[in-house]
Amino acid sequence: MRFQVGRDVFSEAVSFVVKLLPQRNPQPILAGVLIEAGDGGLTLSAFDYEASARTTIEASIETPGTILVHGRLLSDIASRLPNAPIDIAVEDDGGIAVTCGSARFTLAAMPVEEYPSIPEVSGSSGVVPADDFGTAIAQVGFAASRDDVTPVLTGVQLEVSGQSLSLVATDRYRVSLRDVPWDGEESEQTALVPARTLTEVGKTFGHAGTIQVAFSGTGDREIIAFTAGNKTVTSLLIKGNFPPVRRLFPEQTDHYAVVNTADLIEAVRRVSLVLDRAAPLRFTFSSDSVTMDASGSEQARASESVDAHLSGGDDVTLGLNPQYLTEALGAVKSEFVRVTFTSSDNANKLSPVLITSQTSVDQAGSDSFKYLLQPNLLLR
């Protein structure tokens, strides 16, 4: 096999396919990138049985063929080669020669026949706006759990209903929900996608115009595919039942406070400096302000007030996790934020707060993003 390809195009393609591979893989063969040179151009693929990435680029193919080479090493080399065409060829002894200008590398070939087949997707599909989808992933993905003890909570639930695609995530302490437009088959579909994989999809495809989303497979090999331009990412779905967190969102939202988002973020970060790790921050919402109070070790104390507008009820005092709150405030994407105080049938249980966007002091923003937070467990 032999081909010539542009440095920048090749480097970007290799970087894309290796991004989803784990840093350490128990099976060395899965650290490889499969490179197929043929009539359709140059196709690069990576697969670790859970996620795959594939892209096809233009190249000058002298001799068609297929090779498997260590992905991260090839990515590191390609990113540092001089600005000149790259020539890659299989040598007589089986090594893979990478030549660019006066730079030359020889890499070991990995056994192609041992590499698993890249999954193909042929199921129901639809299209979402890439910018909306990328933003939605950023607004929701951080709320997924990082604890593998409960695998279903480490994913983001995608739900197709009519002309809407919802993304939902929870770690028991909070729930994040965002809706984006869906153009495709309107049959109801659900897919629980690992948050790590979905986050990479959002970063890679967020400016691609549109993204095609396809559901495929059955049983233990259900997968989802995301395609934009010449790139495709597939992911094995997480098995299990995602908790019914939608029922936690309140219908009545008459008692709420409106605060400037940036001002509140900065105040929370300052006051929480004195807090012990994982300790809640005390908030007091009154008619014209919200006051934060914190006390920690070393007899350190802090307090600060920010202008706020309280509507529909009495003053409220409650404790919230400052990190969880600032993550939500950063995801709102609006100048003001509405913090709604919900009610609970259980008098012994603190009610969650609902965080949504607010265009101005008097005008509510879009309801496509909702974030529910409370200091104790939402789900038991």
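A crossing of two helices is left-handed if the near helix is turned anticlockwise from the far one by less than a right angle. The views below are taken from a predicted model.

**View A. Helices α5 and α6 form a left-handed crossing.** Helix α5 covers residues 261–271 and helix α6 covers residues 322–332. Their axes come within 10 Å and cross at roughly 160 degrees. Since angles over 145 degrees count as roughly antiparallel, α5 and α6 are therefore roughly antiparallel to each other. On the α5 side, the contact is made by T261, L264, I265, V268 and R269. On the α6 side, P322, L325, T326, L329 and G330 take part. Sorted by class, the residues of this contact are six nonpolar, three polar and one charged.

**View B. Helices α3 and α4 pack at an angle of about 140 degrees.** Helix α3 spans residues 130–140, and helix α4 spans residues 195–205. The axes of the two helices are 9 Å apart. Because of the angle between them, α3 is oblique to α4. The crossing of α3 and α4 is left-handed. Helix α3 contributes A130, F133, G134 and I137 to the contact, while α4 contributes L198, T199, V201, G202 and F205. Six of the contact residues of α3 with α4 are nonpolar and three are polar, with no charged residue among them.

**View C. The largest pocket has a volume of about 580 Å³.** Its lining consists of 22 residues, of which D148, T154, P194, A195 and R196 are the closest to the pocket centre. Two elements, α4 and β18 (231–236), each give two or more residues to this lining. Helix α4 gives the most, with three residues. By class, the lining of the largest pocket comprises 10 nonpolar, five polar and seven charged residues.

**View D. The second largest pocket holds about 390 Å³ of space.** This pocket is lined by 18 residues. Those closest to its centre are D171, Y173, R174, N321 and Y324. Helix α6 gives the most to the lining of the second largest pocket, namely three residues. The lining of this pocket divides into eight nonpolar, four polar and six charged residues.

**View E. The largest cavity encloses about 50 Å³ of space.** A search of the whole structure finds three cavities of 30 Å³ or more. The largest cavity is lined by F16, K19, L20, E200, V201, T204 and V233. Helix α4 supplies the largest share of this lining, three residues. The lining of the largest cavity has four nonpolar, one polar and two charged residues. V201 of α4, listed here as a lining residue, also belongs to the contact with α3 shown in View B. Helix α4 thus appears in three of the views: in the packing with α3, in the lining of the largest pocket and in the lining of the largest cavity.

Methods:
Residues are numbered from 1 along each chain as its sequence is written. This is a predicted model: local features need pLDDT of at least 70, side-chain atom pairs count only at pLDDT 80 or more; totals for chains, interfaces and linings use all residues. Side-chain values use heavy atoms; hydrogens and water are left out. On a 1 Å grid over the protein atoms alone, a cavity is a set of points where a 1.4 Å probe fits but cannot get out, and a pocket is an open set with protein on both sides within 12 Å along at least five of seven lines; lining residues have an atom within 4 Å of a point. Grid points are joined across faces, edges and corners, and a volume is the space filled by probe spheres set on the points. Helices (H or I, at least four residues) and strands (E, at least two) are DSSP runs, numbered from the N terminus. Ala, Val, Leu, Ile, Met, Phe, Trp, Tyr, Cys and Pro count as nonpolar, Asp, Glu, Lys and Arg as charged, and the others, Gly among them, as polar. Axes are lines fitted to C-alpha atoms, for helices over the stretch in contact, and angles run from 0 to 180 degrees between N-to-C directions. Angles under 35 degrees count as roughly parallel, over 145 as roughly antiparallel, 65 to 115 as roughly perpendicular and the rest as oblique. Contact means heavy atoms within 4.5 Å.
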